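Please look at how the parts of this chain are put together, and at which charged side chains pair within and between them. The walk-through below begins with the domains and then turns to single residues.

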Amino acid sequence: MIQMVDLKGQYLKIKSEIDVAIQEVIDTTAFINGPAVKEFATAMQDYHQVKHVIPCANGTDALQIAMMALDLQPGDEVIVPAFTYVATAEVIALLHLKPIMVDVDPDTFNITADIISKAITPKTKAIVPVHLFGQCTDMEPIIELAKNHNLFVIEDTAQAIGADYTFADGTSQKAGCISQIGTTSFFPSKNLGCYGDGGAIYTNDDDLAKKINMIANHGQSKKYYHEVVGCNSRLDTLQAAILNVKLKYLDTYAQARRQCAENYDRAFLGIKELQIPKRQYNSTHVFHQYTLQVKEGKRDALKSYLELQGVPSMIYYPVPLYKQVAFKKYVTDGFALPITEQLCQDVLSLPIHTEMDDESQKFIIEAVQNFFIEN
Ligand SMILES: *Cc1c(COP(=O)(O)O)cnc(C)c1O
């Protein structure tokens with residue numbers, strides 16, 4: 001059976017290592033803040049070439065803690081793409097900040113400095129670029145813009161862990177470490193997934209790191225002395241132990257996903273109703289999702305056709321954030337962003353994962369091709 005992701009197949013290939021790592025945690029009963037957590041944070045710092053990686057309970061918490069650390073005030077405006085997963089805007093609203101939802105670039109699905117600049121007001125305090133589907137937002141112009149307006153930039157890199165962004169001067173940074181602060185998720189289906197929930201925050205700023213650590217741990221830097229109101233957001237030792245094993249394979253996993261994407265590209269390039277995913281010229285792509293744009297209103301018919309053939313596909317995302325009941329109140333009646341609206345109609349993500357075999361991929365490709373022959 002073809003699946004969007006094959007977590008079982010991935011586990012079986014590294015079963016011996018994973019099982020040992022899990023058993024070790026159980027044997028030592030160091031369930032909370034055991035040695036594997038620190039080990040994982042250090043390994044992540046090395047991998048990302050960033051000074052601080054602070055593990056936490058999930059990617060949504062990571063965003064929330066990052067924003068709490070910036071001392072934003074109720075009513076402050078935070079610019080986010082309207083085409084993203086809800087978590088990005090949710091934490092903004094939860095902290096009584098105002099999400100300002102903006103359109104995205106139709107080629108990369110990401111926000112641009114141009115789009116952001118039109119949304120900046122005297123109340124704007126932060127920008128949250130989301131590196132959607134696995135490639136970096138074009139960050140350099142955004143960082144420049146943020147500097148000029150004295151704004152924070154928080155990268156949501158839940159979908160792009162391991163992607164590399166290259167600056168004009170030739171230097172490069174990992175996604176999440178390009179601006180002051182970045183956040184990620186280890187949700188099982190993410191590119192670096194654990195076996196439950198997990199997340200992390202990245203920063204090169206020592207003061208911010210101290211604050212983030214404190215907030216994630218009940219606002220204390222010394223046990224039972226609470227300096228700020230924080231939360232309880234930890235990465236379980238069991239999850240850290242699993243992630244320690246899987247981090248070693250992250251680049252190999254990205255390579256497998258990229259190979260899969262290239263096979264799709266080659267097969268679909270000639271189909272006029274399909275737009276294959278365009279690449280951001282100064283970022284690598286780790287293909288958390290392989291997302292096609294299906295033109296001429298054929299998306300839903302293609303999806304149903306594939307389903308009948310036993311090929312799953314997903315719509316990320318079917319509804320713009322500003323049309324979600326929970327977020328309507330942040331926009332005026334009839335508010336609409338044209339590109340986001342179009343993408344919600346057109347996008348379709350195909351199965352892509354680390355265990356895709358040639359036979360399955362051939363089957364998926366032929367199913368898509370047959371649809372366009374018949375329709
Ligand atoms: C998955 C995801 C999150 C949230 O991560 P969780 O670990 O599920 O809380 C946030 N933003 C984006 C873009 C995501 O894809």
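The domain bounds used here come from an automatic or database domain assignment. This is a predicted model, and its assignment gives domain 1, made of residues 7–102 + 109–247, and domain 2, which covers residues 250–374. Between the C-alpha centres of domain 1 and domain 2 the distance is 25 Å.

The interface of the two domains can be described from both sides, since 40 residues of domain 1 are in contact with 34 residues of domain 2. About 3300 Å² of area is buried between domain 1 and domain 2, and carbon and sulfur atoms give 61% of this area. Across the interface of domain 1 and domain 2 there are 19 residue pairs in polar contact, with both residues at pLDDT 80 or more. On the side of domain 1 that touches domain 2, the elements that give two or more residues are the helices α1 (7–13), α5 (87–94) and α9 (237–247), together with the strands β3 (98–102) and β6 (164–166). Strand β3 gives the most to this side of domain 1, with four residues. Sorted by class, the side of domain 1 that touches domain 2 holds 23 nonpolar, 10 polar and seven charged residues.

Charged pairs deserve a closer look. Side chains of opposite charge can pair when their charged atoms come close. In the whole structure a search finds 16 salt bridges, while across the interface of domain 1 and domain 2 the rule finds one. E355 and K13 form a salt bridge in which the closest N and O atoms are 2.6 Å apart. This pair links distant parts of the chain, with E355 in the loop between β14 (347–350) and α13 (358–374) and K13 in helix α1, 342 residues apart. Are E355 and K13 buried or exposed? E355 has a relative accessible area of 14% and therefore counts as buried, the cut-off for buried being under 20%, whereas K13, with a relative accessible area of 65%, is exposed.

Another salt bridge joins the side chains of D107 and K278, with an N to O distance of 3.2 Å. Here too the pair links distant parts of the chain: D107 is in the loop between β3 and α6 (113–117), and K278 is in the loop between β12 (274–275) and β13 (290–294), 171 residues apart. D107 counts as partly exposed at 32% relative accessibility, and K278 is likewise partly exposed, at 36%.

K298 and E273 form a further salt bridge, their closest N and O atoms being 2.8 Å apart. Because K298 lies in the loop between β13 and α11 (299–308) and E273 in the loop between α10 and β12, the pair ties together parts that are 25 residues apart in sequence. Both K298 and E273 are buried. Salt bridges that share partners join K272, E273 and K298 into one network.

The last stop is D265, which has its place in helix α10 (residues 250–268). D265 counts as buried because its relative accessibility is 12%. Leaving aside residues up to four places away in sequence, D265 touches I276, P277, R279 and Y290. With R279 there is a polar contact between the two side chains, at 2.4 Å.

How values were computed: Residues are numbered from 1 along each chain as its sequence is written. This is a predicted model: local features need pLDDT of at least 70, side-chain atom pairs count only at pLDDT 80 or more; totals for chains, interfaces and linings use all residues. Side-chain values use heavy atoms; hydrogens and water are left out. Contact means heavy atoms within 4.5 Å. Buried area is the accessible area (1.4 Å probe) that two parts lose on being put together, summed over both. A salt bridge is a side-chain nitrogen of Lys or Arg within 4 Å of a carboxyl oxygen of Asp or Glu. A polar contact is a pair of N or O atoms within 3.5 Å; within protein, one must be able to donate a hydrogen and the other to accept it, and residues adjacent in sequence count only if both atoms are side-chain atoms. Ala, Val, Leu, Ile, Met, Phe, Trp, Tyr, Cys and Pro count as nonpolar, Asp, Glu, Lys and Arg as charged, and the others, Gly among them, as polar. Buried means under 20% relative accessible area, exposed over 50%, partly exposed in between (1.4 Å probe, protein chains only).
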